[in-house]
Amino acid sequence: MAIAELYATDIDTEVHPFGDGGIDVHLWEGVTADVKATKTDKMQYPQLLVCDDNTLTADLYFVTHITDWHSDAAKVRVLGYATRSQVAEKTPYPHPGSTKNYVVEPEELTLPPLVQASHE
C-alpha cells in the first residue's frame, strides 16, 4: 500500500488463490512492482529478500520496513528497490533459516524517484 500511495496508483485487491504472480502494483507506463515488507526490529536497514521458488516477473522489487503498526494506521519506510536484473544476478541461498532467497543488500538498493533520504 505504501508504494501505491507514493505513486498514486491502485493496489491489487483481487483474490488470488495461488498467489499474485509476483506483481503487487502497476506503476507508470507498464512498469510492475513486487513489494516486500518486513517488521523486523533486528536491524535498521533490512535486506531485500525475494524467494527463489517463484519466477522473477516484476520489473522492480521494493523493500519496505514497517516501524509502527496499529489497527488504524502504520508507519512504513520505503527503503529502496532493485531491478529484476539486479535480483536475478544474485545466487539464492538459505537466508534467513532454510528458505532460499535472492538477497540484495541495503546499500545496493536504489532510492525510488520522489523519495529523499531521511536521517530519522
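**Exercise 1.** Is Lys-90 buried, partly exposed or exposed?

*Solution.* Start with the ground rules: this is a predicted model, where local features need pLDDT of at least 70, side-chain atom pairs count only at pLDDT 80 or more, and totals for chains, interfaces and linings use all residues. Residues are numbered from 1 along each chain as its sequence is written, and side-chain values use heavy atoms, with hydrogens and water left out.

Next, take the classes: buried is under 20% relative accessible area, exposed is over 50%, and partly exposed is in between (1.4 Å probe, protein chains only). Lys-90 has a relative accessible area of 24%, so the residue is partly exposed.

**Exercise 2.** Find the salt-bridge partner of Lys-90 and place both residues.

*Solution.* A salt bridge is a side-chain nitrogen of Lys or Arg within 4 Å of a carboxyl oxygen of Asp or Glu. Glu-108 fits, with its closest N and O atoms to Lys-90 being 2.5 Å apart. Glu-108 lies in the segment after β7 (100-104) and Lys-90 in the loop between α2 and β6 (93-94), so the pair ties together parts 18 residues apart in sequence. Helices (H or I, at least four residues) and strands (E, at least two) are DSSP runs, numbered from the N terminus. Glu-108 is partly exposed too, at 30%.

**Exercise 3.** How many salt bridges does the rule give?

*Solution.* The count is three. Among them, Asp-59 and Arg-84 meet at 2.9 Å, N to O. Another joins Asp-34 to Lys-36 at 3.1 Å. Here Asp-34 is buried at 7%, while Lys-36 is partly exposed at 25%.
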